[in-house]
Number of protein chains: 2
Amino acid sequence: MPLRNFIFSRWRETARRYGFQEYDGPPLEELELYTVKSGAEIVGQLYNFVDKGERAVSLRPEMTPTLARMVAASERNYKKPIKWFAVPQLFRYERQQKGRLREHFQLNADIIGENDPAADAELVALLIDTLRSVGLTENDFVVRLSSRNAWQDFFAQRSSDPEKAYEFYQVIDKMERDKPEVTDEKLRSLGIQAAEVKSFIESGTPTPELEAVLRHLRSRGLDKFVQVDYNIIRGLAYYTGVVFEAFAKGATMRAIAGGGRYNNLVKLISGGKVDLPALGFGMGDVVLGDLLLEKKVVPSLKNEVDTFVLIEDETLRDASLGVAQQLREAGISVEYSLTATKADKQFKRAIELGSRATVRCIQKESAVHCLVKDLASRKEIEVSPAELLKAVAPIVSPIAKCAT
Amino acid sequence: MPLRNFIFSRWRETARRYGFQEYDGPPLEELELYTVKSGAEIVGQLYNFVDKGERAVSLRPEMTPTLARMVAASERNYKKPIKWFAVPQLFRYERQQKGRLREHFQLNADIIGENDPAADAELVALLIDTLRSVGLTENDFVVRLSSRNAWQDFFAQRSSDPEKAYEFYQVIDKMERDKPEVTDEKLRSLGIQAAEVKSFIESGTPTPELEAVLRHLRSRGLDKFVQVDYNIIRGLAYYTGVVFEAFAKGATMRAIAGGGRYNNLVKLISGGKVDLPALGFGMGDVVLGDLLLEKKVVPSLKNEVDTFVLIEDETLRDASLGVAQQLREAGISVEYSLTATKADKQFKRAIELGSRATVRCIQKESAVHCLVKDLASRKEIEVSPAELLKAVAPIVSPIAKCAT
């Protein structure tokens with residue numbers, strides 16, 4: 001949970017820096033929303049069912065259809081381009097394996113209503129900075145940039161059967177996982193020469209739209225995170241332009257995020273009523289979390305409290321609760337023993353919880369005083385309750401320290 | 001969404017101040033988890049179904065059974081008392097109405113493994129401070145504190161049929177909504193005199209455990225938010241001790257949160273394997289959100305960006321993107337027009353988005369300079385790119401302002 005919260009907070013914080021606004025949708029959608037987009041064969045992978053009201057529904061397997069539905073339903077309410085993100089929980093009906101669970105979360109970020117490659121660049125920049133925000137560097141990942149348009153042109157120039165285009169994209173998509181002879185055989189059956197495919201990929205010549213994306217990224221100093229790589233084409237049927245995947249470098253090359261343009265989807269989902277260009281990416285929490293743990297780049301994920309109030313004298317319990325309340329009201333997290341506990345056990349617990357300070361009440365003639373200890377420096381000072389906050393804040397908060 | 005995010009962030013922040021740690025569980029559970037606890041009649045309210053693998057499952061209607069299951073499964077891993085919170089999405093199969101939707105979120109906070117009333121006080125204090133954290137005061141709500149033990153004793157002294165105890169609790173629970181003659185009739189059939197019930201409620205004498213809870217709350221200065229009120233008994237079968245509800249004061253008295261002790265539930269869910277005392281409360285986002293909007297206590301919920309980078313000269317787009325990147329990398333949120341846009345339209349958009357500053361690049365002989373405008377004071381200064389951050393930070397961030 002602390003790892004997940006670390007990832008979620010960085011996702012949200014980075015998306016907001018980029019001016020993306022958070023949305024959400026229902027985890028349960030009509031089954032038709034997915035079959036319209038992906039055909040009936042998608043149903044095998046869905047956690048779908050018929051509900052008590054005889055509705056065919058599914059736990060959502062992805063967020064994009066929901067987004068397209070929501071935008072199409074009330075697009076006039078929103079200034080274009082719409083820049084939205086969400087952190088939905090998604091569901092698959094399949095046996096779980098490493099990096100692929102039955103339920104997971106994704107960061108989904110999308111831009112709707114802008115055709116210019118500037119939007120593709122903005123989205124890829126967000127992807128890069130999101131990965132940097134969790135501690136990854138150019139040594140850890142690369143964004144492989146490609147274009148389905150380029151592959152579309154490639155196929156159109158070599159085949160007289162445009163119906164086969166999607167079948168061809170599937171061959172390219174599986175190429176890195178298939179054996180070369182399997183790929184060659186598949187290409188041959190489509191009337192495409194494997195050597196031409198190979199040479200197109202090796203050329204790596206950017207299309208004009210990819211050139212524009214690269215230029216925008218260069219302006220931001222982010223071009224070093226990107227390479228044009230026509231091995232990427234993305235499996236889903238609905239992509240229409242620039243596509244990309246973020247890959248982990250090193251021993252296990254694996255996709256940690258992917259996306260691209262889907263200019264026809266809003267029109268499809270809305271039954272032709274709304275036609276808006278769109279693009280987006282998804283990044284899962286499971287693969288990313290595994291990677292961060294392997295790379296050991298996450299900060300300490302211990303659940304920590306700022307301060308532990310030690311109650312060594314039970315006659316001072318009421319005063320100690322007052323002290324705990326005073327600190328909590330100032331925004332400082334406080335733990336203490338709910339019942340009478342030996343002093344050394346309390347102190348041990350304070351250390352376990354990563355407390356930065358302890359506070360102890362003592363009876364000082366007719367008044368109660370506080371002993372505040374900085375657990376890093378082991379320095380302890382005595383203050384009156386009125387001076388307590390001023391003594392504790394700089395120990396537990398870097399911001400408060402800066403202010404003193 | 002901004003209202004929901006406001007509520008969620010205050011929930012999480014307050015729970016952490018109290019040393020509660022966040023957990024989560026699956027949104028889908030085996031149906032049996034709920035029927036074991038609440039009997040077969042609960043099924044009518046659940047969004048349950050039979051899945052593709054012939055499993056009887058349900059979207060979770062509440063979080064407590066999941067929590068009890070999780071704790072029972074690995075309780076040895078956790079130091080007692082366990083102080084956990086979650087913000088689950090919950091589901092009901094029923095027609096939706098104001099304040100009661102088919103899906104909503106709850107803050108759930110629980111303490112497991114502590115029998116002392118100090119734990120009840122800690123939990124009630126968290127409830128009070130959570131409501132204060134969203135802007136509510138003692139004029140807006142009261143926590144009505146009661147004891148199922150007290151009602152249990154009351155009934156045991158007057159009835160020879162302990163089997164009827166739960167039926168009696170239901171009558172008390174519905175009393176404020178039922179007509180007096182309906183309540184009287186129900187009580188008569190249980191052999192209880194309505195006058196005795198009335199006089200017990202009017203006495204309002206705290207039990208020893210309630211006395212202890214009140215003392216702990218007084219130490220924290222929170223007693224003014226609480227009153228002993230035996231009208232409260234809580235509907236669910238599993239409560240065993242102190243119970244409470246937070247009520248909105250004013251025209252529409254309504255419960256905004258409720259909870260109490262459920263010392264037998266972990267044992268029940270674990271089939272007798274683990275026996276731990278426990279207590280918790282739930283607070284829904286829908287009722288609370290409606291209340292905050294009525295009371296007008298929420299801060300501005302506009303989606304805002306810190307800075308808008310105006311691109312008035314397209315030959316400076318690359319330089320402007322570099323400026324946007326520099327600000328974003330410093331944690332400042334930045335918006336700009338993706339494509340060439342008239343200057344007045346850009347400025348209008350900056351105002352709509354609530355930007356606190358604008359930045360414009362200008363060509364200054366062979367160098368690019370930046371004009372930084374504070375939109376509150378309308379003061380504009382010219383700086384070099386190297387001085388940019390120092391100029392923008394104090395305008396957009398109170399913390400940065402304090403540091404200068």
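Biologist: Two residues are in contact if their C-beta atoms, placed from the backbone, lie within 7 Å, so how many residues of chain A are in contact with chain B?

Modeller: On the side of chain A there are 46 residues, and they are in contact with 46 residues of chain B. This is a predicted model, in which local features need pLDDT of at least 70 and side-chain atom pairs count only at pLDDT 80 or more, while totals for chains, interfaces and linings use all residues. Residues are numbered from 1 along each chain as its sequence is written, and chains are lettered from A and ligands numbered from 1 in the order in which they are written.

Biologist: OK, and which element gives the largest share of the side of chain A that touches chain B?

Modeller: That is H12(A), with five residues. Helices (H or I, at least four residues) and strands (E, at least two) are DSSP runs, numbered from the N terminus. Other elements that each supply at least two residues of this side of chain A include helix H1 (2-17), H4, H9 and helix H15 (398-403).

Biologist: What classes of residue does that side of chain A have?

Modeller: The side of chain A that touches chain B has 18 nonpolar, 13 polar and 15 charged residues. Here Ala, Val, Leu, Ile, Met, Phe, Trp, Tyr, Cys and Pro count as nonpolar, Asp, Glu, Lys and Arg as charged, and the others, Gly among them, as polar.

Biologist: Switching to packing, at what angle do the axes of H4(A) and H9(A) cross?

Modeller: The axes of helix H4 (residues 117-133) and helix H9 (residues 208-219) of chain A cross at roughly 50 degrees and come within 8 Å. Axes are lines fitted to C-alpha atoms, for helices over the stretch in contact, and angles run from 0 to 180 degrees between N-to-C directions. H4(A) and H9(A) are therefore oblique to each other, given that angles under 35 degrees count as roughly parallel, over 145 as roughly antiparallel, 65 to 115 as roughly perpendicular and the rest as oblique.

Biologist: Is that crossing of H4(A) and H9(A) left-handed or right-handed, and which residues make the contact?

Modeller: The crossing of H4(A) and H9(A) is right-handed; a crossing is left-handed if the near helix is turned anticlockwise from the far one by less than a right angle, and right-handed if clockwise. Among the contact residues are Ala121(A) and Val124(A) of H4(A), together with Val213(A) and Leu217(A) of H9(A). By class, the residues of this contact between H4(A) and H9(A) are eight nonpolar, one polar and two charged.

Biologist: And how do the axes of H1(A) and H4(A) lie?

Modeller: They come within 9 Å and cross at roughly 140 degrees, which makes H1(A) oblique to H4(A). The crossing of H1(A) with H4(A) is right-handed, and the contact includes Trp11(A) of H1(A) and Leu126(A) of H4(A). Its residues divide into three nonpolar, three polar and three charged.

Biologist: New topic: what is the strand order in the open sheet of five strands in chain B?

Modeller: The order is E14-E13-E15-E16-E17 (chain B), with mixed pairing, where two strands pair if DSSP finds at least two bridges between them. Strand E14 (334-336) and E17 of chain B stand at the edges with a single partner strand each, so one side of each has no neighbour in the sheet. The twist averages 25 degrees from one strand to the next.

Biologist: What joins E16(B) to its partner strands E15(B) and E17(B)?

Modeller: Eight bridges join strand E15 (residues 357-364) of chain B to E16(B), and these strands run antiparallel, with Val359(B) opposite Val372(B) in E16(B). Four bridges join strand E16 (residues 367-374) to strand E17 (residues 380-383) of chain B, also antiparallel, and here Val372(B) has Ile381(B) as its bridge partner in E17(B). E16(B) and E17(B) form a hairpin with five residues between them, and Arg378(B) in the turn has a positive phi of about 65 degrees.

Biologist: Which residues does a cis peptide bond join in chain A, and which in chain B?

Modeller: In chain A it joins Lys80(A) and Pro81(A), with omega about -5 degrees, and in chain B it joins Lys80(B) and Pro81(B), with omega about -10 degrees. Pro81(A) is in the loop between helix H3 (64-73) and strand E5 (82-86) of chain A.

Biologist: Last one: how far apart are the C-alpha centres of domain 1 and domain 2 of chain A?

Modeller: They lie 50 Å apart, with domain 1 covering 2-25 + 63-295 and domain 2 covering 307-403; the domain bounds come from an automatic or database domain assignment.
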